Amino acid sequence: MGRRIVITGGGTGIGLAIARRFLVESPSIVLVGRRGHVLDEAAAELRSLEAEVDIETHACDLTDPDEVQWLSDALHHGPMVDVLVANAGGNYGLGADSLAHTAQAWRADFDGNVLSAVLLTQSLLHHFTRPGGRIIAMSSIAALRGSGSYGAAKAAVNAWALSLAGELAPSGITVNAVAPGFVPDTEFWAQRIANDPGIPANRTAAIPVGRPGTPAEVAEAVAYLASPEAGWTTGQILQVNGGTLFGRG
C-alpha cells in the first residue's frame with residue numbers, strides 16, 4: 001500500500017475530487033467529515049474506481065477538541081501520516097442581521113475554517129513522516145481580496161500555514177495552501193446558486209479564461225503540493241482561479 005493520506009471534508013466536492021486524484025498511487029486514504037453516511041458513500045465510489053484502495057472513514061466535528069483528540073488517537077494507532085489535506089470548511093456567516101448574529105457568524109467561520117484545520121494538524125504533528133510529510137490547507141480567493149467573515153477566516157488559514165511552514169521546514173515537512181476561485185460544482189455553492197441562479201453567469205463574467213473551475217482542477221494543484229517532488233515548495237499560497245486574481249511576486 002502507498003502513502004497514508006488524510007483528507008478532511010473528504011465526502012463531497014473538492015475533498016472527494018482530491019481523493020479521486022490520489023487513487024493513481026494506490027494510497028491508504030482516510031476520509032474525515034461530519035456526516036458518516038456521506039463518507040460511506042464517498043468510500044464506496046472510490047472503491048468502485050480502484051478496488052485495491054485502502055479507505056478508512058471517520059465522522060468527526062473538527063471544531064470540537066475532544067472529538068479531534070479521539071480522531072487523533074485513532075490515527076496514531078495506524079501508520080505515520082504522509083499527507084494531510086485540511087479541506088473542511090464552509091461559509092457560515094451569510095445573512096447576519098444583528099450584532100449577536102454577526103458575532104455568531106464570525107465565530108462560526110473561524111471555527112469551521114480555521115480551527116478545523118489547526119486542531120487536527122496540531123494533534124498529528126508528531127505523527128507525520130519526517131522528512132517527506134506534506135500539509136495542504138484549503139484557502140480561498142476570498143482570503144486574498146476580502147469577503148467578510150469567510151474571507152477573514154481563510155486569511156487566517158493562510159497566516160497559520162505560512163507560520164507552520166517555517167516551523168516544520170527543518171523537519172522536511174512542507175506546508176502550503178491552495179486558494180480556489182469560483183468552483184460551482186460543490187456543496188459550498190449549491191444552495192446559493194439555487195437561491196440565485198444568476199450567480200454562475202455573474203461570477204464567470206469576471207474570470208479571464210471565461211469559465212468556472214472544476215474540483216478536479218483544484219485537486220491537481222493539491223496533488224502537486226502533496227507530491228514527493230514538491231519538497232522544495234513550502235510556505236506558498238497557490239491560486240487556482242482562472243486568472244480572476246493574478247499572483248503577486
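Start by selecting helix 1, residues 13-22: seven of its 10 residues are buried, so most of this helix is covered. Keep in mind as you click around that this is a predicted model. Colour the buried positions of helix 1 and you should have I14, G15, L16, A17, I18, A19 and F22. A bit of background for looking at any helix: an α-helix has 3.6 residues a turn, so residues three or four places apart point the same way.

**Next stop: I5**

Stay with F22 for a moment, since F22 is one of the residues that I5 touches. Select I5, which sits in strand 1, residues 4-8. Is I5 buried or exposed? The relative accessible area of I5 is 0%, so I5 counts as buried. Show what surrounds I5: beyond its neighbours up to four places away in sequence, I5 touches F22, E25, P27, S28, I29, V30 and V83. Now pick out V83 from that list. Along the sequence, I5 and V83 are 78 residues apart, yet their C-alpha atoms are 4.6 Å apart in space.

**A short hop to S26**

Go to the loop between helix 1 and strand 2 (28-33) and select S26. What is the phi of S26? Phi is near 50 degrees, a positive value in a residue other than glycine. For comparison, most residues other than glycine have a negative phi. With a relative accessible area of 29%, S26 is partly exposed.

**Over to helix 4**

Select S116, which you'll find in helix 4. S116 counts as buried because its relative accessibility is 4%. Turn on side chains here and draw a distance: the side chain of S116 reaches the backbone oxygen of G112 at 2.7 Å. Setting aside neighbours within four places in sequence, the contacts of S116 are L62, A88 and D111.

**Into the loop after helix 4**

Follow the chain out of helix 4 (99-124) and stop at R130, in the loop that leads to strand 5 (134-138). R130 is partly exposed, at a relative accessible area of 39%. Which backbone oxygen lies 2.8 Å from a polar atom of the R130 side chain? That oxygen belongs to L125. Not counting neighbours within four places in sequence, R130 is in contact with L125, L168, S171 and I173. While you're there, add P170 to the view: R130 and P170 are 40 residues apart in sequence, with their C-alpha atoms 9.7 Å apart in space.

Now look at the link from R130 to P131. The peptide bond joining these two is cis, with omega at about -10 degrees. As a general point, most peptide bonds are trans. P131 also belongs to the loop between helix 4 and strand 5.

**Zoom out**

Finish with the whole chain in cartoon view, where nine helices and seven strands make up the secondary structure. Along its principal axes, the C-alpha trace spans about 45 × 40 × 40 Å. The radius of gyration is 17 Å, which agrees with the value near 18 Å for a compact globule of 249 residues. Of those 249 residues, 46% count as buried. Among contacts with a separation of 6 or more, 72% are between residues 24 or more positions apart.

Switch to a surface if you like: the chain exposes about 11500 Å², and carbon and sulfur atoms supply 55% of that area. Last, colour by charge. There are 16 positive and 24 negative charges, and their mean positions are 8 Å apart.

Technical notes: Residues are numbered from 1 along each chain as its sequence is written. This is a predicted model: local features need pLDDT of at least 70, side-chain atom pairs count only at pLDDT 80 or more; totals for chains, interfaces and linings use all residues. Side-chain values use heavy atoms; hydrogens and water are left out. Helices (H or I, at least four residues) and strands (E, at least two) are DSSP runs, numbered from the N terminus. Buried means under 20% relative accessible area, exposed over 50%, partly exposed in between (1.4 Å probe, protein chains only). Contact means heavy atoms within 4.5 Å. The radius of gyration is taken over C-alpha atoms; the globule rule is 2.2 Å times the number of residues to the power 0.38. Accessible areas come from the Shrake-Rupley method with a 1.4 Å probe; for residues, only the protein chains shown count as cover. Lys and Arg count as positive and Asp and Glu as negative; His and the chain ends are not counted. The place of a charge is taken as NZ of Lys, CZ of Arg, CG of Asp or CD of Glu. A polar contact is a pair of N or O atoms within 3.5 Å; within protein, one must be able to donate a hydrogen and the other to accept it, and residues adjacent in sequence count only if both atoms are side-chain atoms.
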